Amino acid sequence: METPLEKALATLVLTFHKYSGKEGNKFTLSRGELKALVKNELGLGQKMKERNIDELMKTLDKNSDDEIDFKEYSAFLSALCMAYNDFFHQDGK
Ligand SMILES: [Ca+2]
């Protein structure tokens, strides 16, 4: 049986592939795919403007190939995870 953590990991992986397969390289996120992912899957994404998407893309695209590969996506998730931890840690005080 799948544990909650395993379910969460599967969601992280499946969410990447749900968007990466839409156009171009099936194993990377284009700017459009990244935009769709943050807008549809993250509450904060709904408030993001085109300029913010550009900034996010630039920050995440470590090798500057205009695509977000799984490794770059993982770094993004890690940063989000840290932010969530800070949020819940503060909440618990
Ligand atoms: Ca890249």
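**Figure 1. Phe16, a buried ring in a predicted model.** At 0% relative accessibility, Phe16 counts as buried, because the cut-off for buried is under 20%. The model shown here and in every view below is predicted. Phe16 forms an aromatic pair with Tyr73. The two ring centres are 4.9 Å apart. The planes meet at 50 degrees, so the pair is described as tilted. Phe16 sits in helix H1, while Tyr73 sits in helix H4. The two residues are 57 residues apart, so this pair links distant parts of the chain.

**Figure 2. Tyr73 and its surroundings.** Is Tyr73 buried or exposed? Its relative accessibility is 3%, so Tyr73 counts as buried. Which residues does Tyr73 touch, once residues up to four places away in sequence are set aside? They are Leu12, Thr15, Phe16, Leu29, Leu37 and Ile68.

**Figure 3. An aromatic cluster built on three rings.** Phe16, Phe70 and Tyr73 form one aromatic cluster. The rings of Phe70 and Tyr73 have centres 5.5 Å apart. Their planes lie at 50 degrees, so this pair is tilted. Phe70 and Tyr73 both belong to helix H4. They are 3 residues apart, about one turn of the helix. Phe70 is partly exposed, with a relative accessible area of 32%. In the whole structure, a search finds 5 aromatic pairs.

**Figure 4. The largest nonpolar core.** This core has 17 residues. Which of them touch the most other members? They are Leu29, Leu34, Val38, Leu56, Ile68, Tyr73 and Phe76. Four elements give two or more residues each to this core. They are helix H1 (4-20), helix H2 (31-41), helix H3 (50-60) and helix H4 (70-91). A general trend is worth recalling here. In soluble globular proteins, nonpolar side chains tend to be buried together.

**Figure 5. The largest pocket and its lining.** How much space lies in the largest pocket? The volume is about 420 Å³. The lining has 18 residues. Closest to the pocket centre are Leu12, Leu77, Leu80, Cys81 and Tyr84. H1, H2 and H4 each supply at least two residues of the lining. Which element gives the most? H4 does, with 9 residues. By class, the lining has 13 nonpolar, 4 polar and 1 charged residues.

**Figure 6. Two positive phi angles in one loop.** The loop between H3 and strand E2 (68-69) holds Ser64. Asp66 lies in this loop between H3 and E2 too. Phi of Ser64 is near 50 degrees, a positive value in a residue other than glycine. Asp66 is not a glycine either, yet its phi is positive, at about 65 degrees. Are these residues buried or exposed? Ser64 has 59% relative accessibility, so it counts as exposed. Asp66 is exposed as well, with a relative accessible area of 58%. The cut-off for exposed is over 50%.

**Figure 7. Asn63 and its contacts.** Where is Asn63 found? It is in the loop between H3 and E2. Asn63 is partly exposed, with a relative accessible area of 45%. Leaving aside neighbours within four places in sequence, Asn63 is in contact with Asp69 and Glu72. Phe76 is 13 residues from Asn63 along the chain. The C-alpha atoms of Asn63 and Phe76 are separated by 14 Å.

**Figure 8. Ser30, a buried loop residue.** Ser30 is found in the loop between strand E1 (28-29) and H2. Its relative accessible area is 9%, so Ser30 is buried. Which residues does Ser30 touch, not counting those up to four places away in sequence? They are Glu23, Met57, Asp66 and Glu67. Asp66 is the exposed residue of Figure 6.

**Figure 9. The setting for the close-ups.** The secondary structure comes to 4 helices and 2 strands. Along the sequence they follow the pattern α-β-α-α-β-α. The C-alpha trace spans about 45 × 35 × 25 Å along its principal axes. The protein has 93 residues, and buried residues make up 27% of them. Take the contacts with a separation of 6 or more. Residues 24 or more positions apart account for 36% of these.

Conventions:
Residues are numbered from 1 along each chain as its sequence is written. This is a predicted model: local features need pLDDT of at least 70, side-chain atom pairs count only at pLDDT 80 or more; totals for chains, interfaces and linings use all residues. Side-chain values use heavy atoms; hydrogens and water are left out. A nonpolar core is a set of buried Ala, Val, Leu, Ile, Met, Phe, Trp, Tyr and Cys residues joined through side-chain atoms within 4.5 Å. Buried means under 20% relative accessible area, exposed over 50%, partly exposed in between (1.4 Å probe, protein chains only). Contact means heavy atoms within 4.5 Å. On a 1 Å grid over the protein atoms alone, a cavity is a set of points where a 1.4 Å probe fits but cannot get out, and a pocket is an open set with protein on both sides within 12 Å along at least five of seven lines; lining residues have an atom within 4 Å of a point. Grid points are joined across faces, edges and corners, and a volume is the space filled by probe spheres set on the points. Ala, Val, Leu, Ile, Met, Phe, Trp, Tyr, Cys and Pro count as nonpolar, Asp, Glu, Lys and Arg as charged, and the others, Gly among them, as polar. Rings of Phe, Tyr and Trp (its six-membered ring) pair if their centres lie within 6.5 Å; planes under 30 degrees apart count as stacked, over 60 as edge-to-face and the rest as tilted.
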